[in-house]
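Let's take a friendly walk through the places where the ligands sit. Have the sequence and the 3D view open as you read.

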Amino acid sequence: MVTRIERPGAQEWVPEGAGVEQLREAAASCRGCELWEPATQVVFSAGSPGARVALVGEQPGDQEDRRGVPFVGPAGRLLQRAVDEAGLDRGGVYVTNAVKHFRFEQRSPGARRIHKSPDLAHITACRPWLAAELAQVDPEVVVCLGATAAKALMPKDFRVTRDRGRPYRITTSRGEKTFLGTIHPSAVLRVPEEGRQDAYDALVADLRVVVEALG
Ligand code: URA
Ligand code: SF4
């Protein structure tokens, strides 16, 4: 028999009309799904709440979970380099994740924590935070880094490999905005050595589309 875990979703923890800082504070007590319990802390967002661009990742990794800040590990360093190379102004970027707690597996206590992708149920449970912060920041362009963020924000039939780098105009609570999906920086790091530079260049090329969309 499959046991269904009750996941009420984050909505009841999201204060209405709250700014980004209030949302960050409130997210610390979210119990919208079971991921909060084994994690160290919630990892909300970083960057300017007045940003014109939002970058949405999957979920915090091991280092992000320990430090409470998104994209501070290896994937974050690669992303930062790509952002700079594409000519996106660092100060004009807001960075967050589709899921705000680190999901992992651990073989034994004290063993290395192995990243585990969030299920659709976690993405759905956590989405009220993403919706609330994006409504507050109100970026002109939202970039989905990888399939998890795309599941949260892009049309249902969106596929990263097929549809990446293509701007979509999507109607939001703040009017029509540009959304674009691309590869996740962690996926670039997983590409075998001989193809990694090409994968990185393709990420930079997609981020240049964002720069163009900003005009
Ligand atoms: N990968 C993500 O998707 N987000 C982070 O914050 C770090 C790694
Ligand atoms: Fe709440 Fe999201 Fe954490 Fe689940 S992952 S407990 S919905 S903040």
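Which space does ligand 1 take? In this predicted model, ligand 1 takes up the largest pocket.

**Around ligand 1**

If you would like to select the neighbours in your viewer, pick G57, E58, Q59, P60, G61, E64, P70, F71, N97 and H184, the residues around ligand 1. Sorted by class, this shell has three nonpolar, five polar and two charged residues.

Some of these neighbours also come up when you look at individual atoms. The table lists three polar contacts of ligand 1, with the atom on each side.

| Ligand 1 atom | Protein partner | Distance |
|---|---|---|
| oxygen | E58, polar backbone atom | 2.7 Å |
| nitrogen | N97, N or O atom in the side chain | 2.7 Å |
| oxygen | H184, N or O atom in the side chain | 2.7 Å |

So what covers ligand 1, and how much of its area? On its own, ligand 1 has 230 Å² of accessible area, and the protein covers 94% of that.

**Around ligand 2**

Now turn to the other ligand. The space that ligand 2 takes is the largest cavity. Its surroundings are made up of A10, C30, G32, C33, W36, V99, K100, H101, A125, C126 and W129. By class, the shell around ligand 2 has eight nonpolar residues, along with two polar and one charged.

**The cysteines beside ligand 2**

C30, C33 and C126 are among the residues around ligand 2. Are C30 and C33 buried or exposed? C30 has a relative accessible area of 9%, so C30 is buried, because buried means under 20%. C33 counts as buried too, because its relative accessibility is 15%, again under the 20% limit.

How many disulfides does the model have? The count comes to zero, where a disulfide would need a pair of cysteine sulfur atoms within 2.5 Å.

**To take away**

Ligand 1 takes the largest pocket, while ligand 2 takes the largest cavity.

Note on methods. Residues numbered from 1 in each chain as written. Chains lettered and ligands numbered in written order. Predicted model: local features only at pLDDT ≥ 70, side-chain atom pairs only at ≥ 80, totals over all residues. Heavy atoms only, no water. Buried < 20%, exposed > 50% of the residue type's maximum accessible area, 1.4 Å probe, protein only. Near = heavy atom within 4 Å. 1 Å grid on protein atoms, 1.4 Å probe; cavity = no way out; pocket = protein on both sides within 12 Å on 5 of 7 lines; lining within 4 Å. Sits in = over half its atoms within 2 Å of the grid points. Nonpolar A, V, L, I, M, F, W, Y, C, P; charged D, E, K, R; others polar. Polar contact = N/O pair within 3.5 Å; in protein donor to acceptor, adjacent residues only side chain to side chain. Areas by Shrake-Rupley, 256 points an atom, 1.4 Å probe, with all protein chains shown as cover.
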